[in-house]
Amino acid sequence: MTIAYCTNDAIKKNVDDIRQAINSGPNKHKAYDKLAYIVDTFGPRMWAQPSMALAVDYLYNQIQSWDATKTGLVEVRLEELDEISTWVRGSEQLILKSPRKRPQKLGMIGLGLIVPGNIKDGEVVVVRNWGELDEKGKADKIKGKIVCYNVAWTTYDDLKFYRQQGPDRASAYGAIAVLLRSVASFSIYSPHTGNVRYSGTTPKIPAAAITVEDAEMLQRMQDRGQKITVDLELNSEMKASKSHNIIAEIKGQQYPNQIILMGGHFDSWDTGSQTGAMDDGAGTLVTLEALKVVADLGIRPLRTLRWIAWSGEEMGLPNNGNQHYAKYHGDEDHVVALENDVGQLTAIGFGFSGKLQTSRMVRQLIMNYIPELSVVNENDGSGVDTKPLGDKGVPLMRNIYKDPNDDYYFKYHHSAGDTMNILNPDEMDSNVFAISSMMYIIADNPERLPK
Ligand SMILES: [Zn+2]
């Protein structure tokens, strides 16, 4: 049991080479530059829609053109998803009628997966939380009205339920639509979208995000007893489509069936002209560069190092990329799976979900080889795309940075503010290094991580 805890000179040298290639060598700032090209050229990448399909083709062709792919060190393939339908946004608008003296367009964006709707002079009732919804619902003040959830920011994990379940819970009291204060830690009049989850047990009603500023304005109007009415128009449709996961890997030289998986989701929302730069174009390109550094150095580890661009995380619809991967690859022997979908400030370590003895070994490997990193947070490794593997017992990891309140990432998440401007080439490189070195070490350490 002590073997793993000895430093191995060959691994140490390879980690030094990975570090040098990223900090001052040919891979420096490459993740940022390649992402910027994709963001600038293809725009937001809504799932299984034309701009995403073009970006997927482009990225696949890029990997095919790598020297390491031409020599056979890297193998790359597209895996077509089974039958899918995607949600396509149409024209949308929200106009404040009463109490404004003249009709006023409000900033808004329809939430993902919503049913269409066209409401004229709908009356708005504002609630601050579930408790107020229930109170007003039981007093029959919701029926036939539009519910506005004006819930103050705490954490994303608390508030995302208002977006996902808000329409259903309002519909249960007879509401006809929902306006959601954007789930965001900060706002400069920026609506943030995201998906809703209809349970099917109540009528599906349309829903749109509005800005923090306007939610508070509607609250003030209600508090002073003004009647609020709006026109709300939300057009959208479901369309059959096609999409692909991209997979690239370096086959292990001794244990090709043992897989170290890393990746991000390549689809995004469509709020602004660059949406999907950070979420999760950056995670996709950072993990891809993590593979490319190892490939460029000509390293073939003992185990297989596999990268994936998952398709369709944001909408989470049936047969999306993570479900496809779990269905067709979930029974393969995964040593660990890492998802990078959290933003890319300077990496300080990893979140880990799995057995304690496995995380102990991860810690020891970091101590031995990656002095830049120190943190391993227990029970914090899961992600939306890796969860199906975690459910099968695969240890999960994610890269983490210092941001105790999640308020950096959620300023921009799913909004028009998600652009290249909020990313930094050096910070992205710190994540390329953290992920590349960690995944390489796990792939090449003589002793495998405990199952
Ligand atoms: Zn994401």
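Here are some numbered notes on this predicted model, going from the metal site through the sheet and the main pocket to a few backbone oddities.

1. **The zinc site.** Start with the metal. The zinc ion takes its protein donors from His-265 (NE2), Asp-279 (OD) and Asp-341, the last of which is listed with two OD entries. These donors lie 1.9 to 2.5 Å from the zinc ion. If you like to scan a sequence by eye, the spacing of the donor residues is H-x13-D-x61-D. His-265 belongs to strand 11 (residues 255–265) while Asp-341 sits in the loop between strand 13 (333–339) and strand 14 (347–353), so this pair ties together parts of the chain that are 76 residues apart in sequence. Both His-265 and Asp-341 are buried.

2. **Geometry at the zinc.** How is the arrangement of the 4 donor atoms around the zinc ion classed, and why? The angles they subtend run from 54 to 141°, and that makes the arrangement irregular. To count as tetrahedral, four donors would need all angles between 85 and 135 degrees. Keep in mind that water is not among the atoms, so a site may look incomplete.

3. **A cis bond at a donor.** One of the zinc donors, Asp-279, also has an unusual backbone link: a cis peptide bond joins Asp-279 to Asp-280, with omega at about 0°. Asp-280 is part of helix 8 (residues 277–296).

4. **The open sheet.** Eight strands make up an open sheet with mixed pairing, and their order is 3-2-9-5-6-7-8-4. Which strands are at the edges? Strand 3 (104–105) and strand 4, each of which pairs on one side only. As background, strands of a sheet pair through backbone hydrogen bonds, either parallel or antiparallel.

5. **Following the pairing from strand 6 to strand 4.** Strand 6 (residues 146–149) runs parallel to strand 7, with 4 bridges between them; Cys-148 stands opposite Leu-179 of strand 7. Strand 7 (residues 177–181) is in turn joined to strand 8 by 4 bridges, also in the parallel sense, and here Leu-180 has Ala-209 as its bridge partner. The sense then switches: strand 8 and strand 4 (residues 108–110) are antiparallel over 3 bridges, with Met-108 partnered by Ile-210.

6. **Strand 8 up close.** Is strand 8 (residues 207–210) covered or uncovered on its faces? Both faces are covered: Ala-207 and Ala-209 are buried on one side, and Ala-208 and Ile-210 are buried on the other.

7. **The largest pocket.** This one has a volume of about 1300 Å³. Its lining counts 47 residues, and those nearest the centre are Tyr-156, Asp-157, Lys-160, Gly-383 and Val-384. By character, the lining divides into 17 nonpolar, 15 polar and 15 charged residues. Helix 6 gives the most, with 6 residues. Other elements that each supply at least two include helix 9 (321–329), helix 11 (387–390), strand 16 (396–401) and helix 12 (409–412).

8. **Another cis bond.** Ser-98 and Pro-99 are also joined by a cis peptide bond, this time with omega of about 5°. Pro-99 lies in the loop between strand 2 (84–98) and strand 3. For context, most peptide bonds are trans, and most residues other than glycine have a negative phi.

9. **Two aspartates with positive phi.** Asp-121, in strand 5 (residues 117–127), has phi near 50°, a positive value in a residue other than glycine. Asp-121 is partly exposed, at 46% relative accessible area. Asp-140 has a positive phi too, about 60°, and is found in the loop between helix 5 (130–138) and strand 6. With a relative accessible area of 52%, Asp-140 is exposed; the cut-off for exposed is over 50%.

10. **Two more residues to look up.** Gly-349 is in strand 14 and counts as buried, at 0% relative accessibility. Its C-alpha is 9.6 Å from that of Arg-363, which is 14 residues away in sequence. Lys-30, in helix 2 (residues 30–42), is partly exposed at 32%. The C-alpha atoms of Lys-30 and Ile-228 are separated by 51 Å, with their positions 198 residues apart along the chain.

Note on methods. Residues numbered from 1 in each chain as written. Predicted model: local features only at pLDDT ≥ 70, side-chain atom pairs only at ≥ 80, totals over all residues. Heavy atoms only, no water. 1 Å grid on protein atoms, 1.4 Å probe; cavity = no way out; pocket = protein on both sides within 12 Å on 5 of 7 lines; lining within 4 Å. Points joined across faces, edges and corners; volume = space filled by probe spheres on them. Nonpolar A, V, L, I, M, F, W, Y, C, P; charged D, E, K, R; others polar. Buried < 20%, exposed > 50% of the residue type's maximum accessible area, 1.4 Å probe, protein only. Pairing = 2+ DSSP bridges. Donors = N, O, S within 2.8 Å, 3.2 Å for Na, K, Ca; no water. Tetrahedral: all angles 85-135°; square planar, octahedral: opposite > 155°, others 65-115°.
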